[in-house]
Structures are given as structure tokens and as C-alpha cells.
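Hi,

Here's the structure I promised to pass on. Have a look at it first, then read my notes underneath.

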Amino acid sequence: MDNNLLNNYSKLVLSIITAIRKISLYPAAHPAVISSIKDIHSVLLEIFKAKDALTLSLSAENKLIIENEPISEKDSILDGLIAYFKRLNVENVTFTSGVSEKEIDDFLRQILLNAEQLRAAGDMNKALLDKNIRNIKANQFSYIKIDKDSEPLVVKKGGADLDALKSALKELSSKNAQSPGEFQNIEKQAFDIISAEFKDKKKISPSTKSAFKKFLLYAKDKGEVLVKLKDTLSAAGFLVEDIDNLLSDIEKEKIRKTQGKPLPIIEEENERLKKENAELRLKLSGFQQTVNRQVSEKERIDNVIHHMAEGLVVVDPQGNIVMVNPSAEKLLNISKDDIGKPVKEVIKDEHLLTLVKKFPSAGEQVLEKDIELYSPDDSTKKILRTSSAVIEDPDGNTVGMVTTLNDITRQKELEALKSNFLAGVTHELRTPLVATEKSISLILNKTTGEISETQAQFLSIAERNLKRLTLLINDLLDLTKLEAGKMAIKRQASSIEKVINESVQTLNNWAKTKSINIRANVQEGLPEINMDPDRIIQVLNNLIGNALKFTPDNGTITVEAVFNKEKEEAEVSVTDTGIGIAKENLAKVFDKFYQVGEKIPSDIAGTGIGLSIAKEIVELHAGAIRVDSKQGSGTKFTFTLPLKDSTNINRGD
Amino acid sequence: MEKQVKILLVDDEADFIEPLAFWFKSKGYSVITASSGESAIKIVKENTPDVVFLDLNMPVMDGAETLKRIREFKKDIPVIMLSAYIEDSRMPHAYSDGIYGVFYKGKDFSELVSLLDVALRHIKT
């Protein structure tokens, strides 16, 4: 091998390393940089006299090889160059004849890029092409591969990592502000280098020491960084003594260049972070407010439930008590400690138990029930009105049952008092009524002597209206009986026809005063029905009487009875040619006391309590009553009486 | 002698009208009766009574409706309402259509005289 050529190879390596150092120290276009590039170029031109291309490569043993010739320069000089090969994952670099100074300059600047910029640049060959570098080729892996995990830097001393740290510091020194986290990144880099070196020799190289010292200038709190370093090293398992030596070593180190101060975080970034922070704070406070609101809402609801006069019990589907309020505790004689226990164990009273245990069946909105409770000594009775409703989750699954308990003992007492009072008053009314009626009939029958035609006429009016009054009072009495559940139904097989005829006869006198014709149409062969004939007459009296009231003079009232074979029931209807009832008022006609304290629609005014009594009586016979009407053309009341009463339950005595 | 005062009594309840008519006649008034709003309107049109006693609660056409119809052709005829209910939602309508007063059916007939006097004074002026 030509000694001259080998000599040139060594020259080339030295000139490249010199250039790299110049470039990293001086600004671009500095005379020192330009001359170092020129040196490389002239060596290359010398070499290209003998060959067209020159390849620098790295052997497996980390030896620099030029054109198959190992370069035996001093390690300390070569290491710098090898580090770049490693750093860039380059196997070999080929310079071809025709390479220009600019290409060399660009190439060197390219490999000097810091880690971030290398990553951004991507593929090395592409980067060279982008720079229009045609005569330098690299057989290499992409820049992307340079990352912490793959650790391409296997450097004997200091080396590339330290260079990266230096260039990062250099970058920092050229700035007035740092991006957020930049200082922390460099700090980590420095710690990594120190750890690696410390591991091998229990101390660090002077260049690392000086770089770290420089770095400390940028720290806001130097002591803090040192403490952090100490922590990092002791966490890695190094001896405290060794670490302390290292730290004092670092303290002692003097550096020439003392410029450098903690850099503020870049303003925009800072602003952005501040803004983000403020937004987060706002969100957090909004969230906090929502939580507070919900907490206070819950407290309020808890408070309401706690102070409710009604008792409230919630039971889960397994029958365990989930919740009781104080009122319920008192009414059911249980305590808060019973929450979580099965209802069966807690509530001893059987009536109550069936209630709380039984869930309302599907479709049933609310299950209402009145139950009587006796105190342990049986002396006092309590009546609770309970309403139970199933609790469903949004998917419609049963998650429990809520029951409210109302102590209606007093209310029931008052109702009984009212009923008794009404019954008493009504009975009291009978005596003067009968006395008047009898006296009038004595005069009217001329038992007391002759009377004039006019006198007879008015006495008849009096007699008729006394009968009406008697009927009304009887209605009142019946109502109190019905209310108290004391209405007795005395059943016997009876003919519907007879019942209808009797009622029609009673009311015919009244009908005549209005020239109203009452017709009775009874189907032939109607079977006898098991019913209380007196009560059914009362129903008919009420229905026909009502029809008379609402039918103008010269109208017609038709009473019809047919047998419905399919349903095995008699159907009795009373149809009038009266004024009719508006659709919206139809449902109200059977209401008890409808007329009290309400505006009375004229089409049902004066129906009195007769219709509600009729309804109760028909229902006691297991029948049903309904009304159909067309305003202006009449009303039809129909009630049914089953041939066999399947319920066969008589209320009262 | 003054011309006899002609009274129209309107009520669907004949048993109420009969004694009332007799009572008025005994006091020297001339009485016509009607059992529905419709016939009352007809009578007012044809016979022109001096005063009308009109029941509020009647089937088909109630007193308030009858009064409204009468007012369509006879603005000045004095009308006194008859009612069994102290409070009736239709009464204010009747008042706004112009009535001289209300006679509640439970009261003494003598009260009718004072109501009638007010109405008659109106006729004379």
C-alpha cells in the first residue's frame, strides 16, 4: 500500500475531526470553519488522484477503516469520529470524486444535528439528497432508529452522549427563553451520562464535569439539582461515600465561561399553559359546584324524607329493608338498625307484612290498602293507609318497592262521626215528615170535612212533594249506609217485570204533571233474577226520576229489559228524550256529592245523589251501570244484573 | 184604576209554579205561566208581560240562556231570576244581561213583593 495514500487517509480523518470541532464551536462562515473544510477538500482531491471514490467504514470491533485499511491514529482522536458513526448508525460513508466544499460543509452540519433535529430529518440519504449532496453517500440506517431504547451509542469515554449534552447546552445559551420541560430533558440527559460514567470509574470525566457545571448555571436552584442527582445515584445503588466525593468534586470544578442563567419558560408556551391551567381550574370548579349542588340536593331530599309526616319504607326485590324514615319507624315500631334486614324478621304484624312483602303486579301503578293495627295491649286501634309502588330502573327492571304509610285513624273517626250524625239527622227528619204527610192526607181524603177544589189541588201538590222529600231523605240515609258498608241486600228470586211496573206506577203521577209518557218494554220469558227487589225499585226510581227531571214536557221515557244469553245477565235500560249530557260530564254523573262546591254544568245539575246510590246498589248485585248520551237527543242509563252472582258476597248485616 | 200588572212566571217545576201563581193572583196581579225557556220567549214576544220571573235551572234552555235570547229583542223588560241554589255559576251571566234581582226558592213569598216593587217603579218612570 502506498504510504503516501495511507498518510493522506490519516490526514483526512484528522481534518474531518478538526472541521467538526470548528463547526460546533464557531458560527457558520467563520474563517476557521471555512479553512477546515478547505483542508478536507484538498486531502480528498489528493486521494481522488489515485481513485474515484473513498469509503470510510466502521469495523465490528469499532475500528475506523478507510478503503480496507485500519487507521491507526491515536484513539482519543478517532473516538470522536467513531461516535458519529455510532450515533447515526452509519456503517460506511463514501465520498466520490467531484465532491465540493459546500457538500462537505453541508454533510458535516447534517451529522452535527442534535437528537431532536435528527429525528425530524428522518432518513439520512434522503436528508443528503434534500441538501443536494450528490457525492457523499451513506450506507446507513435511518435517523429514526436513534432513540433511547435502541442505545446505538456504545462509546468508550464520554463521547456522543456528552456531545449531545454539549450541543443542547449550546442551544440553550443561544436562547432567551426555554420551552417547557427543556431544562428537565437536559437534566435527565446529564444525569444519564454521569450515571454511566460513574458506574465504571466511580468518578466522571473532566469534560462531563465541566458540561454539568455549565448546565448548573441554567438551574433556578443549583442545590435542588444536586440533591436530585444525589437521589438518582443512590437510587441506582451507588455508595453514599462515592456520591459525596463526586458532588464535592463537582463543587470544586472551576469553569471559565460563567455566563448563563436560569431561562424563563417561553412566553407563549407559558401563556398557553396558564390558559390550559385556568381552563382546567374552571372545569374543576364547575365539577366541584356540581358535586356540591348534588350533595346539597341529596341533603335536602334526605331532610324532606326525614321530616315527612307520612311514613316511608323502601324494600329491595329480595324483601330487605333499604330505607325507613322516622315516621315509618314510629308507625311500624321498628328502628333504623333494622335497615338491611328482611322485612319478615322485622315486622311482626301479619297484615302489615303481607303489604310490605307483596310487590304490586305488573301494570299496577300503585297498590293502595287500608290496614288496621292493634297496639300490643289491644286497647287502641290504628288505621294506616298504605300506598306501594314498584321502583324501576331506566331499563324497566324492578329494583325495589316504595311504600308510604299514612295514619288515617283520626280521619276514619271523623268519617264515622259524620256518617252517624247524618244517619241521626235523617232519622229525626222522618217524624215531622210523616206527621205532615198524614195530616195532609187526612184533609185531602175529606176525613176532616169538605174542602174546595182549589184546596184539594194545593194539598195534592203538598202531598206529592212530601213524597219527593221522603225519597230524598231515604237517599241520604242509604248513602250513609253505603258509606258505612251497612247497606243490606236481601236477595230473593224476583221478576224484573214486576219491579219495573211498580216503579213506573209510583212515578206516573209526577210524569203526568209534565205530560210525559213512560213506556215499559220487557222481553218475554225473562228469567227471575236473584236480587233485592226493593233496592232495584229504588235504582229504577232514581233513574226514571232523573229522566223526568231532564225531559221537557210531552217527552217520552222508555224502560226496557232484555236478557243477554251470552253473558247470562239481565240488561235494564231507562231512555229519555231529554236534553242529554255533554261527553265531558258523563263520567261525573255517578259522583257522590258532585254538586258540593263545584260549578254545576246545567246538563247534570240536580242529579243529586240518586245516581251514585243506584250505582252502589247495582254493584252490590255484582252488576254494572253505564250511561250513554247525546247532547240534545236524550240519555240512556243501562244497568246489568247477573243471573248468578258469582261473588255472592253480601256486604253489611 | 191602574192597569192590572201582568206577570210571567217561568219554571219547569209545575208544583212550584202553581202555588206561586195562585199567590200572585190573590194579590191582584194578572199571571201567565210557562214551563220552558222556549215558551217563555214566545209569550214575551206575543203578550208582552210587565215583569218576568225566570227560573235559572231548567232543562233544554236554562234561565240564563232564555234571558239572553229575550234581551236580543226586548232590552227593557224587568226580569227577576228564581233559583234554588245560593251560588250558581250562571248567575253572574244573568246579572250582566240585566236582571232586577234574584228570588231564592227557600225564602218567604213576601220577599217577592219588594222585588216586584223595584221592577214596577222602573216601569212607571
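Below are my notes on one helix and two loop residues.

First, some ground rules: this is a predicted model, where local features need pLDDT of at least 70 and side-chain atom pairs count only at pLDDT 80 or more, while totals for chains, interfaces and linings use all residues. Residues are numbered from 1 along each chain as its sequence is written, chains are lettered from A and ligands numbered from 1 in the order written, and side-chain values use heavy atoms, leaving out hydrogens and water.

Start with α18 of chain A, residues 496-513 (helices are DSSP runs of H or I, at least four residues, and strands are E runs of at least two, numbered from the N terminus). α18(A) spans 27 Å from first C-alpha to last, close to the expected 26 Å (1.5 Å times one less than its number of residues). There's a bend of about 45° at A:Leu507 (the angle between axes fitted to the seven residues ending there and the seven starting there). A:Leu507 is also among the buried residues of α18(A), as are A:Val504 and A:Trp510 (buried is under 20% relative accessible area, exposed over 50%, partly exposed in between, with a 1.4 Å probe and protein chains only).

Just after α18(A), A:Ser515 has a positive phi of about 55°.

Two more positive phi values to look up: A:Lys446, near 60°, sits in the loop between α16 and α17 of chain A and is partly exposed at 42%. A:Asn554, near 70°, lies in the loop between α19 and β14 of chain A; at 61%, A:Asn554 is exposed.

Cheers
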